[in-house]
Structure formats: C-alpha cells, structure tokens
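The following exercises train the reading of a protein model. Each task is followed by a solution that goes step by step.

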Amino acid sequence: MAVDLLDHATELLADTKVTGVELHFLASRLSESLREVLQVAEYRGARWDVNSLDPDSEGPGSRDPDIGNQ
C-alpha cells in the first residue's frame, strides 16, 4: 500500500489542477500507511533509539573505554 500511495502522491503533486479534497484524501491515506509501517517497525523492534545515534550520549550505544580493562 505504501509504495502505491507514494507513486500516486508523486503523480497527484505534479498535477497543477489537484483539488484540496484530493490532497486531503491522499494525506489521510499516507497517514494511515505510515501508521501501519510504524506498527510493523515497533513489532519487529526496529525502532531507532535516538540516543544510540548520538556518539556523545551516555545511552546503551556509548562505551567507557576503561570498563572491561580492569
């Protein structure tokens, strides 16, 4: 569904005569699809941990070089 919606969105946004009703419908379906994608990602444990992306964070992704060398 997400791939089809993205293809449709590309076409619709390129159309200069698109109506507000059409855009609203598209936005609703895109929101629905994104919600489903997030549910699948959460179920699979694939959510990104923002702290693990920050090398300066003290989260689980950071490591003290002195730990384990004792």
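## Exercise 1: A salt bridge

E32 is partly exposed, with a relative accessible area of 28%. The model is a predicted one.

**Task.** Determine with which residue the side chain of E32 forms a salt bridge, and where the two residues lie.

**Solution.**

Step 1. The side chain of E32 meets that of R29 in a salt bridge, with an N to O distance of 3.0 Å. The structure holds one salt bridge.

Step 2. Both E32 and R29 belong to helix α2, where they are three residues apart, about one turn of the helix. An α-helix has 3.6 residues a turn, so residues three or four places apart point the same way.

Step 3. Side chains of opposite charge can pair when their charged atoms come close.

Step 4. R29 has a relative accessible area of 26%. This value falls between the limits of 20% and 50%, so R29 is classed as partly exposed.

## Exercise 2: The two helices

**Task.** Compare the span of each helix, α1 and α2, with the expected value.

**Solution.**

Step 1. Helix α1 comprises the 13 residues 2-14 and should span 18 Å at 1.5 Å a residue. Its end C-alpha atoms are 18 Å apart, which agrees.

Step 2. Helix α2 has 25 residues and reaches 36 Å from its first C-alpha to its last, close to the expected 36 Å. Just after α2, G45 takes a positive phi of about 75°.

## Exercise 3: The sides of α1

**Task.** State which residues of α1 are buried and what they pack against.

**Solution.**

Step 1. The buried residues of α1 are L5, A9 and L12. They cover an arc of only 70° around the axis, which puts them on the same side of α1.

Step 2. These buried residues pack against α2.

Step 3. The face of α1 turned away from the buried side carries exposed residues, among them V3, D4 and E11.

## Exercise 4: Two residues of α2

**Task.** Decide whether S33 and L38 are buried or partly exposed.

**Solution.**

Step 1. S33 lies in helix α2 (residues 20-44). Its relative accessible area is 6%, under the limit of 20%, so S33 is buried.

Step 2. Leaving aside neighbours within four places in sequence, S33 is in contact with M1, A2 and L5.

Step 3. L38 is also found in helix α2. At 46% relative accessibility, L38 counts as partly exposed.

Step 4. Together with L34 and V37, L38 makes a nonpolar surface patch of about 270 Å².

Notes. Residues numbered from 1 in each chain as written. Predicted model: local features only at pLDDT ≥ 70, side-chain atom pairs only at ≥ 80, totals over all residues. Heavy atoms only, no water. Helix = DSSP H or I, 4+ residues; strand = E, 2+ residues; numbered from the N terminus. Buried < 20%, exposed > 50% of the residue type's maximum accessible area, 1.4 Å probe, protein only. Contact = heavy atoms within 4.5 Å. Expected span 1.5 Å × (residues − 1). Arc of directions from axis to C-beta. Patch = residues over 30% accessible without salt bridge, like charges linked within 9 Å, V, L, I, M, F, W, Y side chains within 5 Å. Areas by Shrake-Rupley, 256 points an atom, 1.4 Å probe, with all protein chains shown as cover. Salt bridge = Lys/Arg side-chain N within 4 Å of Asp/Glu carboxyl O.
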